[in-house]
Amino acid sequence: MTLSREARWLLEEKYGGEESPAFAADCARLAAGEPVAHVIGWIPFLGLTIYLDSAPLIPRPETEWWVEAASQRATVRLGRAARSAGARGLAAETRILDLCAGSGAIGCAILKMMPEARVSFGEIEPRHEATIRKNIRENGLDESRAEIRIGDLFEPFAGERFDLILANPPYVPAGRALPASVTEYEPPEALYAGGDGLALIRRIARELPAHLAPERLPAGRPGEAWVECDSVHAHAAAELFRAEGFSARILPDQYGAPRVIVVSSA
């Protein structure tokens, strides 16, 4: 029998290359349209193993792309400011927020790529907290630099500001046709956000001024937010942030589609 790419991955990763009745049953799940990441139970993300025990949204390659770009930019931008702040005796600790964390893939990647940063995970669904903790622990990341808070968007972070906010919120317009592999197996609360798909992003834009760090003179360390969005509504999403007084630019993903809004308080 010729195996698909997904079935070969399943066979090697879950069954050590040994075909069995259990493997055949899992192949039937694949044939029915269930994503291979759910069948195996995890997915790679920027060199990490991201477990999906609580069935959060499966992290996508597009998200990997912009998270790596955000980390690289932040390492240079905040590192330069921290050195300047240190010379002046100012606090230089970097605080980062993974908003709408789901599996915690974004925050875990930041813990790995930015070893001096403190990372907060904000997630509305309590069932995902154990998954986030598992992904921190099983990837050997520094738990002392991480915290998880459950609540609606910024609600658990009242009065707190962050140097970098990374968010992959729900942004699919209600009523849009999606593949069955998405609608049947992904959590709808992580997908849909009102008729135009901007309900959550609209709230993020409105609440962001209270949570994004302003430029800290003389060190020059303005806050920045990266918000994934629907490619069709990327320009409308950017305008929501500009209306709040931010600078906002749209970055395409590795496939050339508008994918993320980069928001700056400077």
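Colleague: What is the volume of the second largest pocket?
Modeller: Happy to help! This is a predicted model, where local features need pLDDT of at least 70, side-chain atom pairs count only at pLDDT 80 or more, and totals for chains, interfaces and linings use all residues. Residues are numbered from 1 along each chain as its sequence is written, and side-chain values use heavy atoms, leaving out hydrogens and water. With a pocket taken as an open set of points on a 1 Å grid over the protein atoms alone, where a 1.4 Å probe fits and protein lies on both sides within 12 Å along at least five of seven lines, the second largest has a volume of about 360 Å³.

Colleague: Which residues are closest to its centre?
Modeller: Lining residues have an atom within 4 Å of a point. The second largest pocket has 20 of them, and the closest to its centre are Arg60, Tyr171, Val172, Leu191 and Arg259.

Colleague: And what volume does the largest pocket have?
Modeller: Its lining has 30 residues, with Cys100, Gly102, Glu123, Asn168 and Ala190 closest to the centre. The volume of the largest pocket is about 440 Å³.

Colleague: Within what arc do the buried residues of H2 fall?
Modeller: Helix H2, a DSSP run (H or I, at least four residues), spans residues 21-31, and its buried residues (under 20% relative accessible area, 1.4 Å probe, protein chains only) are Phe23, Asp26 and Leu30. Seen down the axis, they line one face of the helix, because the directions from the axis to their C-beta atoms fall within an arc of 60°.

Methods: Buried means under 20% relative accessible area, exposed over 50%, partly exposed in between (1.4 Å probe, protein chains only). Helices (H or I, at least four residues) and strands (E, at least two) are DSSP runs, numbered from the N terminus. Grid points are joined across faces, edges and corners, and a volume is the space filled by probe spheres set on the points.
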